[in-house]
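Please look through the sequence and the model below before reading on. The paragraphs that follow go from single residues to the larger groupings they belong to.

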Amino acid sequence: MKIFLYYISQTLAALLLIHLRFIYRFRLDVALLVFQVDNLNFVFSKIRKVPMSERVPITIIGAGAVGCAIAYQLSKSYQEIFVIEKNSKVTAENQSSRNSGVVHAGIYYPKDLGKLKAELCVRGNPELYDFCREFEVAHAQTGKLVLAASEAELEYLQDSMRIARENQVPGAQLISEQQAKKLEPNIHCIKAGYFPTSGIVEATQLVHKLYSLASQAGVFFINGTEVVDAKPERGAFKITTRSGERKEIFESEIVINSAGLYSDMVARWVNPDSPFDILPIRGESAKFYKNRRTELYHAGLNIYPTPHAIYTDGTKAEVSFSEFQKLFKQKKVVKTVGVHLTPTFDLIDNEYQIGDIVTIGPAAQRVENREDYSENLLPPVNYLKAVKNIFPALETEDISLHQTGVQAKLLQQYDWVIQPDEKFPRFIQLIGIDSPGLTACLAIARYVEELIRSVA
Ligand SMILES: Cc1cc2nc3c(=O)[nH]c(=O)nc-3n(C[C@H](O)[C@H](O)[C@H](O)COP(=O)(O)OP(=O)(O)OC[C@H]3O[C@@H](n4cnc5c(N)ncnc54)[C@H](O)[C@@H]3O)c2cc1C
């Protein structure tokens, strides 16, 4: 009887603590409540109080793919990590689910312009596959074709092959039309680049897995709470958060700005001289069903056009590669990966498998609102025009609209900013983590850990 009453009292105490945590989110945190039900031994582990004015060691702002990957990586060596996320749940809303889900090989990022993108993408690619295999996240190493549909595009393709060589992308090959058609019979090209390490990942499942592993390791995720200010104070940072009407203030010794589309604003709170601005670029995508007609059959590779030039207003620049290089130096054009075809996953009998939907996108445009996910999508004919030359059987009636996402591009430079703040080194800035940020999230996380070791 005594033992029974003991366990009942322990259970009630546990429920009370959970209730208190719910009410006083910042004041009381129960990191891990382990119920070893098998031997009826209820163990409370690591119960701690966090008063509003307490100083915590590490705070991460933002729980997208990058914030969650950092939390997971740091949880292996550090304790008491807080992640503050403004959305009510960690569902990879914002960039981390509204993307193409492509695992990039690393062929787009010339090292002289984008050293971090080049290195962290190529490093992150195998790390991501290993992680997905170990933790059962849906993924497929499909391989990718970059198709030159005309002589003029061949020079652009040669440039991608050069970058792939410089970045040491494994297995990159220039192949003939016949070789390409063996891999994907319904394409059109005169030559193609084949990149076997490219693939796809189920992005929402990936973020959720990182989140749950980090939580299990003791990271505190505070969802539905927006960081509204961060200021250097007393050798640390005073963080102000808002959840509904309620404001809270606490201090953190190290802060990691992983706020995606808002990372430039967060950077300026702590350092008003931070020179970086986010340019929100909305990417819309459409889809077709590969089983509708035999001519639409798609074997499952990522199919891309050659990268091409666009003017700063987003319209395509029909210029030779040498002309592109001149205009690029004058900052009149940039290069884009172009609208591409990507296989997707379907949940069949509770298992993710490559399904019948192939997406076409993204069609990019500048927007004012950083979370402009409105439904006024471009008409199907725009997508048709963009890919007809590489996938000729497609017709307007095959195409329906799919999704929107907004990407955090940096206005001032091509490469990502991942560095300690110039004035306040314990504030680690991640600004403008656009594509291939999903591919590189685990490599970014390890890079951030090295930065923390250098400033701690
Ligand atoms: C259309 C599109 C296609 C893409 N395709 C690919 C692709 O195929 N392959 C690839 O590798 N990458 C791709 N990307 C890029 C990739 O999605 C991003 O690089 C990656 O998701 C960035 O993750 P993140 O965690 O930095 O940002 P986000 O996912 O945007 O997460 C930032 C988080 O911070 C939170 N936050 C912001 N401000 C605050 C605040 N003040 N307080 C609290 N929380 C805050 C937000 O709510 C959000 O959850 C694509 C992106 C887009 C938009």
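Asn94 has 26 C-beta neighbours inside 10 Å and therefore counts as buried, since the cut-off for that class is 20 or more. The structure is a predicted model. Asn94 sits in the loop between strand 4 (81–84) and strand 5. Its phi is positive, about 70 degrees, although Asn94 is not a glycine. Most residues other than glycine have a negative phi.

Glu136 also has a positive phi, near 55 degrees, and is likewise a residue other than glycine. Is Glu136 buried or exposed? Glu136 is exposed, because only 11 other C-beta atoms lie within 10 Å and the limit for that class is 12 or fewer. Glu136 belongs to the loop between helix 3 (115–135) and strand 6.

Strand 5 and strand 6, which border the loops just described, both take part in a sheet. This open sheet has three strands in the order 5-10-6, with antiparallel pairing. Strand 5 (102–103) and strand 6 (139–140) are at the edges and have a single partner strand each, so one side of each has no neighbour in the sheet. Between strand 5 and strand 10 (residues 199–201) there are two bridges, and the pairing is antiparallel. Opposite Val103 stands Gly199 of strand 10.

The backbone has further features to look for at prolines. Most peptide bonds are trans. The bond from Gly361 to Pro362, however, is cis, with omega near -10 degrees. Pro362 is part of strand 20 (residues 351–366). Ser435 and Pro436 are also joined by a cis peptide bond, and here omega is about 10 degrees. Pro436 lies in the loop between strand 23 (427–431) and helix 10 (441–455).

Another proline, Pro380, is in helix 9 (residues 380–387). Pro380 counts as partly exposed because it has 19 C-beta neighbours inside 10 Å, and the buried class begins at 20. Which residues is Pro380 in contact with, leaving aside its neighbours within four places in sequence? They are Ala286, Thr396 and Ile399. Asp398 is 18 residues away from Pro380 in sequence, and their C-alpha atoms are 8.7 Å apart in space.

Next comes the interior. In soluble globular proteins, nonpolar side chains tend to be buried together. The largest nonpolar core in this model has 113 residues, and those with the most contacts inside it are Ala65, Cys68, Ala69, Ala71, Leu147 and Ile444. Helix 2 gives the largest share of this core, eight residues. At least three core residues come from each of domain 2 (53–133 + 202–277 + 411–456) and domain 3 (144–196 + 279–407). For Ala69, the contacts beyond four places in sequence are Leu210, Cys441, Leu442, Ile444 and Ala445.

The last stop is the ligand. How many residues surround the ligand? There are 41, and the closest are Gly62, Gly64, Gly260, Gly283 and Gly437. Helix 2 (65–74), strand 12 (226–233) and strand 21 (400–410) are the elements that give two or more residues to this shell. By residue type, the shell divides into 16 nonpolar, 19 polar and six charged residues. Domain 2 and domain 3 each supply at least three residues to the shell. Helix 2 thus appears in two places: it contributes to the core and to the shell around the ligand.

Notes
Residues are numbered from 1 along each chain as its sequence is written. This is a predicted model: local features need pLDDT of at least 70, side-chain atom pairs count only at pLDDT 80 or more; totals for chains, interfaces and linings use all residues. Two strands pair if DSSP finds at least two bridges between them. Helices (H or I, at least four residues) and strands (E, at least two) are DSSP runs, numbered from the N terminus. Two residues are in contact if their C-beta atoms, placed from the backbone, lie within 7 Å. A residue is near a molecule or strand if its C-beta atom, placed from the backbone, lies within 6 Å of it. Ala, Val, Leu, Ile, Met, Phe, Trp, Tyr, Cys and Pro count as nonpolar, Asp, Glu, Lys and Arg as charged, and the others, Gly among them, as polar. Domain bounds come from an automatic or database domain assignment. A nonpolar core is a set of buried Ala, Val, Leu, Ile, Met, Phe, Trp, Tyr and Cys residues joined through C-beta atoms within 7 Å.
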